[in-house]
Amino acid sequence: MFTQLPSLKKLLLGIVISLPIASYTYADKIVVAHRGASGYLPEHSMAAKSMAYAMGVDYIEQDVVMTKDDKLVVLHDHYLDRVTNVADVYPDRKREDGRYYAIDFTFAEIETLEMTEAFNVKEGKKSADYPTRFPLGQSHFQVHTLENEIELIQGLNTSTGNDIGLYLEIKAPWFHRHEGKDISTAVLKVLKEYGYTDKSSRVYLQSFDTNELKRIKTDLMPKLAMDIKLVQLMAETSWGETKEYVDGKAVDYNYDWMFKPGAMKEIATYADGVGPWKPMVVAPESTKDKLVFTSLVKDAHDAGMQVHPYTFRLDEGRIPSYADDFEDLLDIFYNKANVDGVFTDFPDRAVKFLKANK
């Protein structure tokens, strides 16, 4: 991802060299378990969610995609081949691009698959994206439905007396709508069924798709008598994270406007927070002797929004050179940059950090 830095650097504005004065307590900050405790167990497995819950996080993330028979499943990508053995079980079900899309399978078919750590395939051999994490193909994990996970978290809230929240991402709504599936309406109906209906509900709903977030805010939620917290995820245009269909062809959505003056005020008209990539908050040219902050956090706070950057990892090569270690990185973002929360694969470390600094 760091190969994208030059274009980001051109867009970052309002660089602040001096450190902002923090006017908060650490108790105000949150920890979001990114795909569960995904640094220790396969991402989005029920085991990873249970482990994250036990670690004392504030929110647990669910990425949601839709199946052929309209089930909502918790999966980071809208294809299956990155974390399951779908290519072995259903070798003839891939599309022209070589991917096996969840939307082409029923949930019953998906339940037959073994889920594992994220991997890639080179010359016919699987290799883990994160070699030091949970071993590939070990134990037994499955893709599960959104309802299953909500009931797990709500059940644990009942049995423990805690109140851990949901942090959903609707994955590629533009893709689902092009395939004839209104995933956003389906997600909202499930949330309403389980009691998540207003700003006080322990839930955030996020997406990279600006057009869909606006649709949720102005059309879908009013129809369902809902008003939950929405978060605009931020990307670089070059990532191709979101597409728009122009004359029947998919083109990359242009995120450049989000890095210009007044952008946070515009986003605040339909969202309650933003989810930026870390270098959008602490500029890439930062060093240990000179941290360089963008104006994003201040601008978002001035517009009344929360800021929850992604993703904080311990793996080799994942800690920026301007930080001494993982805890120093947390301090830079929670304290000096003054973000409101972080997404992390290692939520125990962030929880421990916040508790130690209350």
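**Helix packing, strand pairing and a buried loop residue**

In this predicted model, helix α7 (residues 183-193) packs against helix α8 (residues 210-223) at an angle of about 55 degrees, and the axes of the two helices lie 11 Å apart. Because angles between 35 and 65 degrees fall outside the ranges that count as roughly parallel or roughly perpendicular, α7 is described as oblique to α8. The crossing of α7 and α8 is right-handed. On the α7 side the contact is made by S184, T185 and L188, whereas α8 contributes E212, R215, I216, L220 and M221.

Attention turns next to strand β2. This strand, which spans residues 59-66, is mostly covered, with 8 of its 8 residues buried. In a regular strand the side chains alternate between the two faces of the sheet. In β2, Y59, E61, D63 and V65 point one way, while I60, Q62, V64 and M66 point the other way, and the residues of both sets are all buried.

Strand β2 is paired with strands that include β1, β6 and β3, and the sense of the pairing is parallel for β1, parallel for β6 and antiparallel for β3. Strand β1 (residues 30-33) is joined to β2 by 2 bridges, and within this pairing Y59 of β2 is the bridge partner of V32. The pairing of β2 with strand β6 (residues 165-170) extends over 6 bridges, and here V64 stands opposite I170 of β6. With strand β3 (residues 72-74), β2 forms 3 bridges, and in this case the bridge partner of V64 is V74. V64 thus has a partner in β6, namely I170, as well as one in β3, namely V74. The hairpin formed by β2 and β3 has 5 residues between the strands, and in this hairpin D70 takes a positive phi near 70 degrees.

A further residue considered here is T145, which is placed in the loop between β5 (125-128) and α5 (146-160). With a relative accessible area of 9%, T145 lies under the 20% cut-off and is therefore buried. The side chain of T145 makes a polar contact with the side chain of N148, at 3.0 Å. When neighbours within four places in sequence are left aside, T145 is in contact with L72, V73, V74 and F107. Among these contacts is V74, the residue of β3 that serves as bridge partner to V64 of β2.

Note on methods
Residues are numbered from 1 along each chain as its sequence is written. This is a predicted model: local features need pLDDT of at least 70, side-chain atom pairs count only at pLDDT 80 or more; totals for chains, interfaces and linings use all residues. Side-chain values use heavy atoms; hydrogens and water are left out. Buried means under 20% relative accessible area, exposed over 50%, partly exposed in between (1.4 Å probe, protein chains only). Helices (H or I, at least four residues) and strands (E, at least two) are DSSP runs, numbered from the N terminus. Two strands pair if DSSP finds at least two bridges between them. A polar contact is a pair of N or O atoms within 3.5 Å; within protein, one must be able to donate a hydrogen and the other to accept it, and residues adjacent in sequence count only if both atoms are side-chain atoms. Contact means heavy atoms within 4.5 Å. Axes are lines fitted to C-alpha atoms, for helices over the stretch in contact, and angles run from 0 to 180 degrees between N-to-C directions. Angles under 35 degrees count as roughly parallel, over 145 as roughly antiparallel, 65 to 115 as roughly perpendicular and the rest as oblique. A crossing is left-handed if the near helix is turned anticlockwise from the far one by less than a right angle, and right-handed if clockwise.
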